[in-house]
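I am opening my notebook on a structure that may be new to you as well. Come along while I look things up one at a time.

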Amino acid sequence: MKALLLALALLAGAFLLATWLCYCLAFRRHQRAKTLNVFEESRYGSLAAAMRAGRAFYESLHFEEVEITSFDGVRLHGRLCNAQEGRPTILLFHGWRSCAARDFGCVLQFYLEQGFALLLADQRAHSKSGGKTIAFGVNERWDCLAWARWADERRHPSAIYLDGISMGAATVLMASALDLPASVRGIIADSGYTSPRAILRKVVRQLHLPVRPAYFLLHLGARLFGRFDLEAASAAQALETCRVPVLLVHGEADNFVPCEMSRENYARCASAKRLITVPGADHGFSYLVDKPGIETALKQFFAETLPRP
């Protein structure tokens, strides 16, 4: 009997350990020096020089550090640039275990030339923001709402745009179903997934692991140790009730978040929408691969959605 109880205890311990490891791998704050560094030559290849230039431009800017508190008490940090009261503002949300310098450095100059103020948010459990758990957009959508309300109430912008890449794109798309301020005039989503469940199952499959058991452990780990439900929110589902215009961008050679996910998001979006896919662009690199095309689309999007003077 003692042997059986010991065996059961060991099995339970192994199960909890596996669940904890899944939580740590996917959701726990884990930011090393390289996660804040844009110089990943092996990944960027011919785009490395442009990425270095983007980081240099980011570092040349003057930012005002700002903080707010999230719905669950997490301290959130952001950086304001070109901020004047009343100026139209873009709120930017980076991706999973990434940062604003890496994900947006290359597009900041274009946005500033269009006359926008910028608010670069550190997602929860990243950089200077608090929190220990990355929730794949489930909790971050409420953070996005909090930043939008803060910008609306404190800066009184003529318009607000929500802009995200990868997990940041899913964040802003999920936020589209929330009670956003009337000043939010559009959403820009680059390389966004349809739901946390869909992207995690895709990654598990890509790693040649058994999908159902692995996803079960991920889902359970999120509930037990992250205190959130992976399936509580979906970008595709949120878009079914979206009321603001949406511009979706995705690279056709994206090996991480399939381009098909943006196609599904587009199909389910209830508001005015446009989808741009870029041949040859990997995950998050559409702007650099087709800079003229993306800038033209952005200018048109702003022209159609900014309030007329």
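**Entry 1: the cores.** I began with the inside of this predicted model. Which residues of the largest nonpolar core touch the most other members? I found Phe 27, Leu 91, Trp 147, Leu 162 and Tyr 193, out of 60 residues in that core. Helix H7 is the element that gives the most to this core, with seven residues. I also noted another core lying apart from it, made of 39 residues, and Cys 99, Ala 159, Ile 165 and Val 278 are among them.

I then picked Trp 147 and listed its contacts, leaving out residues up to four places away in sequence. Its neighbours include Val 66, Ile 68, Leu 76, Leu 91, Phe 93, Leu 119 and Ala 121. Glu 67, His 77 and Gly 78 are also touched by Trp 147.

**Entry 2: helix H11.** Next I went to helix H11, which covers residues 259–268. Which of its residues are buried? I wrote down Cys 259, Met 261, Ser 262 and Asn 265. Looking down the axis of H11, I saw that its buried residues fall within an arc of 155°, so they line one face of the helix. Glu 260 and Ala 267 are exposed on the other side of H11.

What do the buried residues of H11 pack against? My list has three helices, H7 (167–175), H8 (196–206) and H10 (235–239), together with strands S7 (246–251) and S8 (273–278).

**Entry 3: Ser 191.** I looked for Ser 191 and found it in the loop between strand S6 (184–190) and H8. Is Ser 191 buried or exposed? Its relative accessible area is 0%, and because buried means under 20%, Ser 191 counts as buried.

I also checked its contacts, again setting aside residues up to four places away in sequence. Ser 191 touches Ser 166, Ala 169, Val 249, His 250, Asp 254, Val 257, His 283 and Gly 284. I gave His 283 an extra look: Ser 191 and His 283 are 92 residues apart along the chain, yet 6.5 Å separates their C-alpha atoms.

**Entry 4: a nonpolar patch outside.** I turned to the surface and found a nonpolar patch there. Its members are Phe 15, Leu 16, Leu 17, Trp 20, Leu 21, Phe 216, Leu 224 and Phe 225, and together they have about 720 Å² of accessible area. Helix H1 (2–26) and helix H9 (211–225) are the elements that give two or more residues to this patch. Which element gives the most? It is H1, with five residues.

I singled out Phe 216, which has its place in helix H9. At 48% relative accessibility, Phe 216 counts as partly exposed.

**Entry 5: two positive phi values.** I kept one general point in mind here. Most residues other than glycine have a negative phi. Ser 127 has a positive phi, near 50°, and is not a glycine. Phe 136 also has a positive phi, of about 55°, and is not a glycine either.

Where do they lie? Ser 127 is in the loop between strand S4 (117–121) and helix H6 (140–155), and Phe 136 is in the loop between S4 and H6 as well. Their surroundings read differently in my notes: Ser 127 is partly exposed, with a relative accessible area of 24%, whereas Phe 136 is buried, at 7%.

**Entry 6: salt bridges.** How many salt bridges are there? The count comes to twelve, and I looked up a few of them.

Arg 55 and Glu 59 meet through their side chains, with 2.9 Å from N to O. They are four residues apart in helix H3 (residues 48–60), which means that about one helical turn separates them. Arg 55 is partly exposed at 22% relative accessibility.

Arg 197 forms a salt bridge with Glu 231, and their closest N and O atoms are 3.3 Å apart. This pair links distant parts of the chain, as Arg 197 sits in helix H8 and Glu 231 in the loop between H9 and H10, 34 residues apart. Both partners are partly exposed, Arg 197 at 37% relative accessibility and Glu 231 at 41%.

Arg 223 and Asp 229 make another salt bridge, at 3.6 Å from N to O. Arg 223 is partly exposed at 46% relative accessibility, and Asp 229 is partly exposed at 25%. My last note is a network: salt bridges that share partners join Asp 72, Arg 124 and Asp 143.

Definitions and conventions:
Residues are numbered from 1 along each chain as its sequence is written. This is a predicted model: local features need pLDDT of at least 70, side-chain atom pairs count only at pLDDT 80 or more; totals for chains, interfaces and linings use all residues. Side-chain values use heavy atoms; hydrogens and water are left out. Patches are made of residues with over 30% relative accessible area and no salt bridge: like charges are joined within 9 Å, nonpolar side chains (Val, Leu, Ile, Met, Phe, Trp, Tyr) within 5 Å. Accessible areas come from the Shrake-Rupley method with a 1.4 Å probe; for residues, only the protein chains shown count as cover. A salt bridge is a side-chain nitrogen of Lys or Arg within 4 Å of a carboxyl oxygen of Asp or Glu. Buried means under 20% relative accessible area, exposed over 50%, partly exposed in between (1.4 Å probe, protein chains only). The arc is that of the directions from the helix axis to the C-beta atoms. Contact means heavy atoms within 4.5 Å. A nonpolar core is a set of buried Ala, Val, Leu, Ile, Met, Phe, Trp, Tyr and Cys residues joined through side-chain atoms within 4.5 Å.
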